[in-house]
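This report goes through the parts of one protein chain. It begins with the sheet and then turns to helices and charged side chains.

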Amino acid sequence: MLQPLIRGVLAPTAKLVYRPDVQGLENVPLDGPVILAPNHRSAIDTAVIALVAPRPVRFLGKAEYFTGTGLKGRFVASFLSALGYLPVERGNAMAGLAALKAAREVLEAGETFAIYPEGTRSLDGRLYRGHTGVGTLALETRATVVPVALHGTEKLLPVGKKIPRPAKVSVRFGEPLDFSRYDGLGSSPAIRRAVTDEIMYAIMELSGQEYVDSYHKRPQADAA
């Protein structure tokens, strides 16, 4: 019930109020499995992508977001589900496998799934090395990968704030990436790394961020 409200009312209202600069929507295929691979600047990135993308997008979200009790808890769970979140546990190897399984199911159903290759928000504005989960998904599902560059969301919702502020935000959807040349090679760690690095290079080209060839450490209180 909430999804039509979000896409029909909330999305246009948010665009009218915050006026994001959105480019490259034509690069997102309107059917078939698609992986959106954005840089990660703020906890509000997921909402921004969900509101500006030309088709519904699914994301992974902390399972505890969906376990609240009472009317408020049920509303939050329903709202997040309508926004595209999938509840998953985090913090161990089994949770990582469950997250990949959930993502595969979305893509195998021909839907759109968004994953932050860096794994966590960048707190210094630089772009960090991507985890190979995005490469694994691309190879296993043969989904089209669309790199995405977000600018200004860290000012829209700074760390520690709960209410968005006026800020200039831009979202750029890059040229689709096709990895069909690697069909049948998805079990190779070297190929998964090569695919992931190609995706990160595309994000870097779009965003103009300085690239750091090491993983970003997850903040203790990271909620994204």
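Strand 3 (residues 57–62) and strand 5 (residues 112–114) run parallel and are joined by two bridges. Helices (H or I, at least four residues) and strands (E, at least two) are DSSP runs, numbered from the N terminus. This is a predicted model, in which local features need pLDDT of at least 70 and side-chain atom pairs count only at pLDDT 80 or more, while totals for chains, interfaces and linings use all residues. Residues are numbered from 1 along each chain as its sequence is written, and side-chain values use heavy atoms, with hydrogens and water left out.

Between strand 3 and strand 5, Val-57 stands opposite Thr-112. Strand 3 is also joined to strand 4 (residues 85–88) by four bridges, and these two strands run parallel. Here Phe-59 has Tyr-85 of strand 4 as its bridge partner. Two strands count as paired if DSSP finds at least two bridges between them.

The open sheet is formed by seven strands in the order 1-8-7-2-5-3-4, with mixed pairing. Strand 1 (21–23) and strand 4 stand at the edges with a single partner strand each, so one side of each has no neighbour in the sheet. From one strand to the next, the twist averages 25 degrees. At the strand 1 edge, three bridges pair strand 1 with strand 8 (residues 170–173) in the parallel sense; in strand 8, Val-171 is the bridge partner of Val-22. Helix 7 packs on the sheet and touches strand 2 (34–38), strand 7 and strand 8; the direction of helix 7 makes about 35 degrees with that of strand 7. Contact means heavy atoms within 4.5 Å. For the angles, axes are lines fitted to C-alpha atoms, for helices over the stretch in contact, and angles run from 0 to 180 degrees between N-to-C directions.

The protein chain as a whole has seven helices and nine strands. Of its 224 residues, 46% count as buried. Buried means under 20% relative accessible area, exposed over 50%, and partly exposed in between (1.4 Å probe, protein chains only). Helix 2 (residues 45–52) is mostly covered, with seven of its eight residues buried; among them are Asp-45, Val-48 and Leu-51. Among contacts between residues at least 6 apart in sequence, 78% join residues at least 24 apart.

Which residues does Arg-192 touch, not counting residues up to four places away in sequence? They are Thr-132, Gly-135, Thr-136, Leu-139, Gly-186 and Ser-187. Arg-192 lies in helix 7 (residues 189–207). Arg-192 is buried yet has no salt bridge, and the nearest side chain of opposite charge, that of Glu-140, is 6.4 Å away. For charge, Lys and Arg count as positive and Asp and Glu as negative; His and the chain ends are not counted. A polar atom of the Arg-192 side chain lies 3.0 Å from the backbone oxygen of Gly-186, and the side chain also reaches the backbone oxygen of Ser-187 at 3.2 Å.

Other charged side chains do pair. A salt bridge is a side-chain nitrogen of Lys or Arg within 4 Å of a carboxyl oxygen of Asp or Glu, and by this rule the count comes to ten salt bridges. The table gives some of them.

| Salt bridge | N to O distance |
|---|---|
| Glu-154 and Arg-41 | 3.3 Å |
| Glu-198 and Arg-181 | 2.6 Å |
| Asp-197 and Arg-193 | 2.9 Å |

Glu-154 lies in helix 6 (residues 153–156) and Arg-41 in the loop between strand 2 and helix 2, so their salt bridge ties together parts that are 113 residues apart in sequence. Glu-154 is partly exposed at 25% relative accessibility, whereas Arg-41 is buried, with a relative accessible area of 14%. Asp-197 and Arg-193 are four residues apart in helix 7, and therefore separated by about one helical turn. Of these two, Asp-197 is partly exposed at 31% and Arg-193 is buried at 15%. Salt bridges with shared partners also join Asp-124, Arg-126 and Glu-210 into one network.

Arg-142 lies in the loop between helix 5 (133–141) and strand 7 (144–151). Its phi is near 60 degrees, a positive value in a residue other than glycine. Most residues other than glycine have a negative phi. Arg-142 is exposed, with a relative accessible area of 61%.

How values were computed
A polar contact is a pair of N or O atoms within 3.5 Å; within protein, one must be able to donate a hydrogen and the other to accept it, and residues adjacent in sequence count only if both atoms are side-chain atoms.
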